[in-house]
Amino acid sequence: MKRALALIAGLALLPALAQNRPPLPKPRETPIERKIGKAPPMPMYSQRGEIAVFARDESRAMLRWPVMQFAERTKADLERLTKLGLGSIKVPLEIGIGSETNSTHVLVQIAKASDGDLRARIEVPDPDHCDLFRLREVITGTLLTIWIEENRSSPFAVTPPHWLIYGLARNLELAERLQDTEAFWLAWSECRTPLIDEILGASGVWLNGHPPTRTMLALFLAERWPGGLRELIGDCAEGREITPGRIYSQAFKVADSGWGADLAADRIWDAWCDKQVDKVIVLGALTSGALQRWAASLSMNFTRIGADLSPPWIPRPPAWALARAEHPAVRIAAKNLIPGLYTGTVMRHLLLENLANQYAGYFDALARGTKKEALTLMLQQAENTRRSLALLLRKGPLYTHPEETPAP
């Protein structure tokens, strides 16, 4: 019994002894460390050695592995899209991790060393805050440049155009491809895109000013012309520029001459663009563009009910009806609007259906003559929900079943 009490008393004194204990001495630096500083962490190499990730600071060494995974996934997805064997042990892709904070920049340097070998290095000052698409785009362009250098058959090899690198990078990620598909399809369906001969024009004005078209053109080449991306990049290795005539003859199967050829190519392009609506509507998915299109169904129209509201053909937002809740035409329009709210929620995320229920409750109460105070509260709740959902969708699409998200 005495031994047990003594043991308990000794354990109770341990925290006090630990507090009074002097701090451990710091490890002594070696002469080399005093002269040149502590050595940086060892680089991490991929399985075949074609990618190397460096960390300049010991505190960032743990980020080597996620950066390596990102680079390897980008490389694998790009290989499946272009049908190319990318990466080279002779010219490895070097990715350096810096020690900056809150930096979104991604830097790249591709140059020939004094021995004539190509050196490709990407600098990521802060992986935690960098622009991931910019990093994916730089990795895409660097891997293609390395492949062209390794397979060049002409001293005048050229680099792929920027629109192609951008389009390939956007197609590697499902969320980005879906976002560009929606933006392009919306512009195309409203006749705000030019004909295909102007898109492929030598000036490149439209491709430079409308990024979603770059994504769709790269996807079109991958689907319409099997192996075409490999041939186009192979042309760059042989010193030939990617010209509209090359795309016309291979992807559209028409001659690059005459008004009839342009018309035939534009028909093929329009038919392919029309099918992209199937990709815009992904089962269970909700994107920012889909929410914007659905919000257009909230506008009240009075042209079909012969209302005396001047002018009756201008669509009115939901808040406009609050000051005119007692008008018979407003109540009729509110009742007619409810079925259309659920049409846009078909095959979408459940959050959009919940939002439709809130607005439907507001319009139903408006049609039944509910007091203005209750209508104001219901509309405020619905508007707050829509704003919160829009902010959430800025981070990317939402899926009803995230584990069943389709692969890019």
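**Entry 1. Surface and overall make-up**

I started with the accessible surface of the protein chain, which comes to about 23,100 Å². Carbon and sulfur atoms hold 57% of that surface. I note here that the model is predicted.

Next I looked up the secondary structure and found 17 helices and seven strands in the protein chain. The chain has 408 residues, and 42% of them are buried. I then took the contacts with a separation of 6 or more: residues 24 or more positions apart account for 70% of these.

**Entry 2. Confidence**

I checked pLDDT before going into detail. The mean for the protein chain is 79, and 79% of its residues reach 70 or more. Which elements have the lowest and the highest mean pLDDT? I found helix 2 (residues 31-36) at the lowest value, 48, and helix 5 (residues 162-171) at the highest, 92.

Over residues 32-36 the pLDDT is below 50, and this stretch has three contacts in the model beyond near neighbours in sequence. Residues 402-408 also have pLDDT below 50. For that stretch I noted 10 contacts beyond near neighbours in sequence. Where pLDDT is low, the predicted coordinates should not be read in detail, and I left both stretches at that.

**Entry 3. Largest pocket**

I looked up the largest pocket and got about 490 Å³ of space. Its lining has 19 residues, and Ala175, Gln179, Ser288, Gly289 and Leu393 lie nearest the centre.

Which element supplies the largest share of the lining? I found that helix 6 does, with seven residues. Helix 6 (174-189) and helix 14 (288-295) each give at least two residues to the lining.

**Entry 4. Helix 14**

I followed helix 14 from the pocket into its packing. Its buried residues are Gly289, Ala290, Leu291, Trp294 and Ala295. Gly289 is also one of the residues nearest the centre of the largest pocket.

What do the buried residues of helix 14 pack against? I listed helix 6, strand 6 (285-286), helix 15 (328-343), helix 16 (350-367) and helix 17 (372-393). Helix 6 therefore appears in my notes twice, as a packing partner of helix 14 and as the source of the largest share of the pocket lining.

**Entry 5. His210**

I located His210 in the loop between helix 8 (205-209) and helix 9 (211-224). Is His210 buried or exposed? I recorded a relative accessible area of 16%; the cut-off for buried is under 20%, so His210 counts as buried.

The side chain of His210 makes a polar contact with the side chain of Thr213, at 2.5 Å. Leaving out residues up to four places away in sequence, I found that His210 touches Phe184 and Ala187.

**Entry 6. Leu63 and Asp128**

Leu63 is in the loop between strand 2 (51-55) and helix 3 (64-82). I have Leu63 as buried, because its relative accessible area is 14% and the limit is under 20%. Not counting residues up to four places away in sequence, Leu63 touches Ile97, Pro127 and Asp128. I also took the C-alpha separation of Leu63 and Pro127: 7.5 Å, for residues 64 apart along the chain.

From Leu63 I went on to Asp128, which lies in the loop between strand 5 (118-124) and helix 4 (132-150). Asp128 is exposed, with a relative accessible area of 54%. Asn102 is 26 residues from Asp128 in sequence, and I have their C-alpha atoms 7.8 Å apart.

Note on methods:
Residues are numbered from 1 along each chain as its sequence is written. This is a predicted model: local features need pLDDT of at least 70, side-chain atom pairs count only at pLDDT 80 or more; totals for chains, interfaces and linings use all residues. Side-chain values use heavy atoms; hydrogens and water are left out. Helices (H or I, at least four residues) and strands (E, at least two) are DSSP runs, numbered from the N terminus. Buried means under 20% relative accessible area, exposed over 50%, partly exposed in between (1.4 Å probe, protein chains only). A polar contact is a pair of N or O atoms within 3.5 Å; within protein, one must be able to donate a hydrogen and the other to accept it, and residues adjacent in sequence count only if both atoms are side-chain atoms. Contact means heavy atoms within 4.5 Å. Accessible areas come from the Shrake-Rupley method with a 1.4 Å probe; for residues, only the protein chains shown count as cover. pLDDT is the predictor's confidence in each residue, from 0 to 100. On a 1 Å grid over the protein atoms alone, a cavity is a set of points where a 1.4 Å probe fits but cannot get out, and a pocket is an open set with protein on both sides within 12 Å along at least five of seven lines; lining residues have an atom within 4 Å of a point. Grid points are joined across faces, edges and corners, and a volume is the space filled by probe spheres set on the points.
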